[in-house]
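Q: I should like to study one part of this protein closely, with some sense of the whole around it. Please look at the structure with me before we begin.

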Amino acid sequence: MCAHYEITLNDVSKTFGKKIALDKMSLKIKKGSIFGLIGPNGAGKSTLTSLLATLSLPDGGTVTISDLDVISQVKQVRKKIGITFQGLSIFTTGTAWDNLLIAGKMNDMNTSKIKDRGEYLLKEFNLNQVSNDLVGTYSGGMKRKLDIAISLLHKPEVLFLDEPTTGLDPESRNILWQIISNISDREGTTIFVTTHYLEELNNVATDIALINNGKILDVGTPKELINKLAADHIEIHFSNLNSSMIQKLDEYVSNLVEVVNYTIKPRSLIMIGSKGQQIISKLLEFLIRNEVEIEFSELKQATLNDVYLANFTEKGAK
Ligand SMILES: Nc1ncnc2c1ncn2[C@@H]1O[C@H](COP(=O)(O)OP(=O)(O)O)[C@@H](O)[C@H]1O
Ligand SMILES: [Mg+2]
């Protein structure tokens with residue numbers, strides 16, 4: 001039991017026939033975090049998500065949400081969670097308010113509570129102007145926003161989002177993530193999300209887990225996972241160096257712990273490493289201090305896409 005963690009899994013397994021979808025998985029998810037799950041098709045993301053959302057049962061191991069056991073205390077767990085799955089769960093022949101009222105009643109909320117919370121959420125999701133229009137007239141982005149607003153109606157402690165932004169344009173995706181992370185900040189909601197858009201996780205996720213073959217390969221902040229890769233690329237071009245300066249530079253670079261590989265030529269330095277921003281600042285400062293004239297410098301920072309490629313594709317496997 002630990003108040004610090006919202007979700008804990010211990011040795012959780014799930015099989016379908018002979019297929020092991022979750023392989024003795026253990027994982028802890030912090031309260032109030034925005035937790036992203038990344039992995040290729042068939043990795044076990046949906047299996048894990050539906051198990052946590054109490055839509056299926058594990059074959060072995062224990063899972064707790066908010067210190068409640070998802071098997072023996074499933075009713076209490078369900079009060080604490082909200083779910084938005086890929087298929088939209090709203091009905092389009094009613095208004096936003098019709099949808100909220102029905103969802104609220106299903107969650108045993110009284111009408112005044114539904115109205116208060118509904119008004120707040122419609123405003124947050126920028127749907128208050130259209131709240132009495134038929135949902136059938138909404139754009140895809142608006143429907144998605146309503147779907148998520150409904151899943152937050154009973155003020156859950158945990159919100160499960162399975163690919164919430166698939167099919168939305170980049171601007172709608174950004175807006176949606178702003179709203180979700182604002183609400184998470186304000187209400188302390190833990191967000192568990194799977195997505196194929198890694199760049200949006202880079203901006204909002206507090207933690208990311210890499211999953212494959214039913215196992216968690218690694219967990220960390222986006223920065224930690226990117227730094228572990230040590231794949232930032234730095235290139236500096238300068239005026240011709242003499243051999244003693246080349247030697248001096250070589251010595252300096254070889255002592256930088258973040259650098260994993262480098263090539264020095266009389267007119268250029270190319271490096272691969274972690275924390276590229278820090279390395280390039282140090283290097284430029286060193287070169288300027290030694291009165292080297294810099295002609296061009298470039299930093300290409302690794303991204304979560306590189307983390308994905310390195311972990312889940314043959315091209316990335318070393
Ligand atoms: N209902 C099911 N019956 C049989 N096999 C399943 C079922 N659900 C998932 N699987 C298998 O379990 C593995 C994990 O699937 P899933 O959790 O859907 O992966 P992901 O969501 O990461 O793409 C896959 O090999 C998949 O074929
Ligand atoms: Mg899936």
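What percentage of the contacts in the protein with a separation of 6 or more do residues 24 or more positions apart account for? After that, please take a close look at the salt bridges: which residues pair, and in which helices, strands or loops do the partners lie?

A: The structure is a predicted model, and every value below is computed from it. To take your opening question: residues 24 or more positions apart make up 68% of the protein's contacts with a separation of 6 or more.

A few general features will set the scene. The protein has 318 residues, and 47% of them count as buried. Its secondary structure consists of eleven helices and 14 strands. Along the principal axes, the C-alpha atoms occupy a box of roughly 80 × 50 × 35 Å. The exposed area of the protein is about 16,100 Å², of which carbon and sulfur atoms supply 49%. The domain assignment divides the protein into domain 1, residues 5–226, and domain 2, residues 232–301. Between the C-alpha centres of these two domains there is a distance of 45 Å.

We may now turn to the charges. The protein carries 35 positive and 37 negative charges, and the mean positions of the two sets are 5 Å apart. In general, side chains of opposite charge can pair when their charged atoms come close. In this model, a salt bridge requires a side-chain nitrogen of Lys or Arg within 4 Å of a carboxyl oxygen of Asp or Glu. By that rule, the protein has twelve salt bridges.

One of these joins the side chains of Asp 218 and Lys 228, with a distance of 2.9 Å from N to O. Asp 218 belongs to strand β10 (residues 215–220) and Lys 228 to helix α8 (residues 222–229), so this salt bridge ties together parts that are ten residues apart in sequence. Lys 228 is exposed, since its relative accessible area is 59%.

A second pair is formed by Lys 282 and Glu 258, whose closest N and O atoms are 3.4 Å apart. Lys 282 sits in helix α10 (residues 276–289), while Glu 258 is in the loop between α9 (243–254) and β12 (259–265); the pair therefore ties together parts that are 24 residues apart in sequence. The two partners are to be read separately as regards accessibility. Lys 282 is partly exposed, with a relative accessible area of 31%, whereas Glu 258 is buried at 11%.

Helix α10 also contains the partners of a further salt bridge, Arg 289 and Glu 285. The closest N and O atoms of Arg 289 and Glu 285 lie 3.4 Å apart. These two residues are four residues apart in the helix, which means a separation of about one helical turn. Arg 289 counts as exposed, because its relative accessibility is 53%, and Glu 285 is partly exposed at 46%. Elsewhere among the salt bridges, Arg 173, Glu 199 and Glu 200 are joined into one network through shared partners.

The loop that follows helix α8 deserves a brief look, as Lys 228 lies in that helix. Ala 230 is found in the loop between α8 and β11 (232–238). Ala 230 is buried, with a relative accessible area of 15%. Leaving aside residues up to four places away in sequence, Ala 230 touches Val 260, Ile 272, Gly 273 and Ser 274. The C-alpha atoms of Ala 230 and Ser 151 are separated by 39 Å, and the two residues are 79 positions apart along the chain.

A residue in helix α4 offers another view of burial and contact. Ile 114 lies in that helix and is buried, with a relative accessible area of 0%. Apart from residues up to four places away in sequence, its contacts include Trp 97, Leu 100, Leu 101, Met 109 and Leu 153. The C-alpha atoms of Ile 114 and His 154 are separated by 8.3 Å, although the two residues are 40 positions apart along the chain.

Lastly, two residues have a notable backbone angle. Lys 24, in strand β2 (residues 19–30), has a positive phi near 45° while not being a glycine. Lys 24 counts as exposed, at 60% relative accessibility. Asn 126, likewise not a glycine, has a positive phi of about 60°. Asn 126 is placed in the loop between α4 (111–124) and α5 (140–151), and at 55% relative accessibility Asn 126 counts as exposed.

Conventions: Residues are numbered from 1 along each chain as its sequence is written. Chains are lettered from A and ligands numbered from 1 in the order in which they are written. This is a predicted model: local features need pLDDT of at least 70, side-chain atom pairs count only at pLDDT 80 or more; totals for chains, interfaces and linings use all residues. Side-chain values use heavy atoms; hydrogens and water are left out. Buried means under 20% relative accessible area, exposed over 50%, partly exposed in between (1.4 Å probe, protein chains only). Contact means heavy atoms within 4.5 Å. Accessible areas come from the Shrake-Rupley method with a 1.4 Å probe; for residues, only the protein chains shown count as cover. Lys and Arg count as positive and Asp and Glu as negative; His and the chain ends are not counted. The place of a charge is taken as NZ of Lys, CZ of Arg, CG of Asp or CD of Glu. Domain bounds come from an automatic or database domain assignment.
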